[in-house]
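The exercises below ask you to read a protein chain step by step, from its elements to single residues. Work through each task before you turn to its solution.

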Amino acid sequence: MKRKIVKIDEELCTGCGKCVAPCAEGAITIVNGKAKVIREELCDGAGYCIGVCPTGALTIEEREAAPFDEKAVAEHKASAKPVDASQIYCFSCGNSDQEAPLLPVRLKGEALWVCTRCLPRLIHG
Ligand code: SF4
């Protein structure tokens, strides 16, 4: 089956791990210092990871891949360790995801997080 799925350029990937937490399905992990899609069926191709990558290593490609499987995602999330989100905070106010939902943004070439309280100010000035 041909579908959209995340592609990781290992030459550009520094293994910083910023793409791990935005993936709601837990499809990305760091293996030997590089980001990897651990199982194709866990990646829905939504691309929430792309905006946080500081090096442009992540893109979406359309290719032959195992179909996205919500049941496999649920089983994977139930057995996976929680992601350490302690390094993720709003660049504007410092909120963590405990205070407000955080979204990835790119600003002046930098990959950042912004909370939903600061987002309207960012959009409307
Ligand atoms: S955010 Fe980009 S550079 Fe960092 S681990 Fe993920 S793919 Fe690699």
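Helices (H or I, at least four residues) and strands (E, at least two) are DSSP runs, numbered from the N terminus. The model is predicted, so local features need pLDDT of at least 70 and side-chain atom pairs count only at pLDDT 80 or more, while totals for chains, interfaces and linings use all residues. Residues are numbered from 1 along each chain as its sequence is written.

**Exercise 1. Place Gly-109 and state whether it is buried or exposed.**

Step one: Gly-109 is found in the loop that links β5 (102–107) to β6 (110–115).
Step two: a residue is buried if 20 or more other C-beta atoms, placed from the backbone, lie within 10 Å of its own, exposed if 12 or fewer, and partly exposed in between.
Step three: Gly-109 counts as exposed because it has 7 C-beta neighbours inside 10 Å.
Step four: although Gly-109 and Thr-55 are 54 residues apart in sequence, their C-alpha atoms are 9.7 Å apart in space.

**Exercise 2. Describe Asn-32 in the same way.**

Step one: the loop between β2 (28–31) and β3 (34–37) holds Asn-32.
Step two: since 6 other C-beta atoms lie within 10 Å of Asn-32, this residue is exposed.
Step three: the phi angle of Asn-32 is near 50°, which is a positive value in a residue other than glycine.

**Exercise 3. Find the place of Val-73 and the residues that it touches.**

Step one: Val-73 belongs to helix α1 (residues 70–79).
Step two: Val-73 is partly exposed, because 19 other C-beta atoms lie within 10 Å.
Step three: two residues are in contact if their C-beta atoms, placed from the backbone, lie within 7 Å, and Val-73 touches Glu-25 and Leu-42 when residues up to four places away in sequence are not counted.
Step four: Val-73 and Gly-26 are 7.6 Å apart from C-alpha to C-alpha, with their positions 47 residues apart in sequence.

**Exercise 4. Describe the nonpolar cores.**

Step one: a nonpolar core is a set of buried Ala, Val, Leu, Ile, Met, Phe, Trp, Tyr and Cys residues joined through C-beta atoms within 7 Å.
Step two: the largest nonpolar core has 15 residues, of which Cys-19, Ile-28, Cys-43, Cys-49, Cys-53 and Leu-58 touch the most other members.
Step three: another core lies apart from it and has seven residues, among them Cys-90, Leu-102, Leu-112 and Trp-113.
Step four: as a general rule, nonpolar side chains tend to be buried together in soluble globular proteins.

**Exercise 5. State which residues are closest to the ligand.**

Step one: a residue is near a molecule if its C-beta atom, placed from the backbone, lies within 6 Å of it.
Step two: 14 residues surround the ligand, and the closest are Cys-13, Cys-16, Cys-19, Ala-35 and Cys-53.

**Exercise 6. Describe the chain as a whole.**

Step one: the chain has two helices and six strands, which follow the order β-β-β-β-α-β-β-α from the N terminus on.
Step two: the radius of gyration, taken over C-alpha atoms, is compared with a globule rule of 2.2 Å times the number of residues to the power 0.38.
Step three: a compact globule of 125 residues would have a value near 14 Å, so the 15 Å of the chain agrees.
Step four: the C-alpha trace spans about 45 × 30 × 30 Å along its principal axes, and 22% of the 125 residues count as buried.
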